[in-house]
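Reader: I'd like a close look at one part of this structure, centred on a single helix and what sits around it. Please take me through it slowly, with the cut-offs spelled out as you go.

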Amino acid sequence: NGQQGAEAGSEEPVEIQFWTRQTQSERQEQIQALIDVFEVLNPGITVTMLPVEENDFPAQLAAAGEANRPNLIEIQGYYAMSFNEEGLVDSKANGELADMIGKNEFYPGSLDYVKMSDGSLYGVPFHFSAQGFWYRKDWFAEAGLDAPDSWENILKAAEYFTDPANKQYGILIGTKPEGYTQQVFTHLATANGAHLFDNDGNLALSSPEFREAVAYYKELSKYTPPGPQTWRARDYYIQGKMAMFYYSTFIMDDLSLADVAASSLSSENFGDLTGGEFDENLVNNTGFISLINNEETTGYGEVMALSVFKSADDRKTEAAKKLAEFFMTDENYIPYLHVAPGGMLATKTSVLESNEFINDPKGVYANYGQEKIMEIAGGLGDIKDFLKKDGMVYPDSATILAKNILAQMLYNITIENKDIDAEIASAEAEMSKLISK
């Protein structure tokens, strides 16, 4: 090891940039600690970490220019695909990285998420969060209602539990023009067999399935708190004023730990909420639905990719691969995932099933248990989204989603009360113009 260190020290130093979506200071500190260890073990490499809000990634990349682009990024899969289409991603390096980690190490379905139609990779699956409806099992049981696992059951419960006079609502879905809204809609729409593109690669917003999904989404929005809403309205659920809400597994610590739930127990975010005490029974009274059915049964989740970007300097590419492999080595991977227990589920099967992973420092996973964790993770193989259909990849979907065109359309329909058909036609025209450039 001493000889290797001497050789590394004699090489020309190389500096690389790592861009991450982890913008919370506590998470950054923990990740920086891992980077510090990496730099000690690799004295010829210096890593600069740049936290970037996910929606800001495209603008930040444009502003950075070619000279200051990242060498490694941690990003939502569809953004990585979009950057791949722009020619920024080094698919050869990502394929080599997957081989370095071991392709058979990845949880079933996760590697497919970062794979193009030709088999090339625009990243490696780093971690994932399952998404779906979290709901009050006790309320549903008392009302004699079935779990919200279908269009019919979701709508029925949303209407039943909504009581605006008492500031209580049946459901939370996104109505703000942003990524969260697109995520909720994607899960509900694919359950109806709706897609952005047909099998011939043509935009398919004019299909009956897509229009039905938009009309259904508008109907559900009637039972969501008023005004443009986003994930923040989870406060209603945590304060006992909402029957179900759409969220990722990032909510697991909020439901089980009083100190984490505290930010949702005040009245500062919503004027019609008075605040409340932490309900220690909430985690046990909450159910999670990952598969939704209408015409099809679909799951949805976010797979975060580690993606190596192209560089004119081969040394930077090699250093980026080395950093990514370091992050995914078990003794570093588990601490990285533990910066957000619940929100970062392992994509390596051996880690997901390990006691070390389940026993996170905050005790979040222990509150749910191994069986529930594996049940939540089991939906990964059933993920359907607008990027893929029948095994084919539609990279133009990534470009469309990155621009939040769907979210703007849904905002116009649910909040501005604009005509459904006119807004669908307008969105389709905007998409067509975007992808024809």
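Author: Start with H8 and H10, which are roughly parallel to each other (an angle under 35 degrees), because helix H8 (residues 151-161) and H10 have axes that cross at roughly 20°. Those axes also come within 10 Å of each other. Helices here are DSSP runs of H or I with at least four residues, strands are E runs of at least two, and numbering goes from the N terminus. Axes are lines fitted to C-alpha atoms, for helices over the stretch in contact, with angles from 0 to 180 degrees between N-to-C directions.

Keep in mind that this is a predicted model, with local features needing pLDDT of at least 70 and side-chain atom pairs pLDDT 80 or more, while totals for chains, interfaces and linings use all residues. Residues are numbered from 1 along each chain as its sequence is written, and side-chain values use heavy atoms, leaving out hydrogens and water.

The H8 crossing over H10 is left-handed (near helix turned anticlockwise from the far one by less than a right angle; clockwise is right-handed). On the H8 side you'll find Trp151, Ile154, Leu155 and Ala158, which meet Glu212, Ala213, Tyr216, Glu219 and Leu220 of H10 (contact is heavy atoms within 4.5 Å). By class, that's seven nonpolar, no polar and two charged residues. Ala, Val, Leu, Ile, Met, Phe, Trp, Tyr, Cys and Pro count as nonpolar, Asp, Glu, Lys and Arg as charged, and the others, Gly among them, as polar.

Now for H9 (residues 179-190), whose axis comes within 10 Å of that of H10 (residues 208-221). These two cross at roughly 120°, so H9 and H10 are oblique to each other (neither under 35, nor 65 to 115, nor over 145 degrees). H9 passes H10 in a right-handed crossing. From H9 come Thr181, Val184, Phe185, Leu188 and Ala189, and from H10 come Phe210, Ala213, Val214, Tyr216, Tyr217 and Leu220. Sorted by class, this contact has 10 nonpolar residues, one polar and no charged.

H9 has another job on your tour. The structure holds two cavities of 30 Å³ or more, and H9 gives four residues to the lining of the largest one, the most of any element. A cavity is a set of points on a 1 Å grid where a 1.4 Å probe fits but cannot get out, and lining residues have an atom within 4 Å of a point. The largest cavity has a volume of about 70 Å³ (the space filled by probe spheres on the points). Its lining includes Gly179, Gln182, Gln183 and Thr186, along with Tyr78, Tyr113 and Asp385. Six of the lining residues are nonpolar, four polar and one charged.

H9 also turns up at the largest pocket, an open set with protein on both sides within 12 Å along at least five of seven lines. The largest pocket holds about 1,100 Å³ of space. Of its 35 lining residues, Gln24, Arg27, Trp231, Tyr247 and Phe250 lie nearest the centre. Among the elements giving two or more residues are helix H2 (25-41), H9 and strand S5 (244-248). This lining divides into 11 nonpolar, 11 polar and 13 charged residues.
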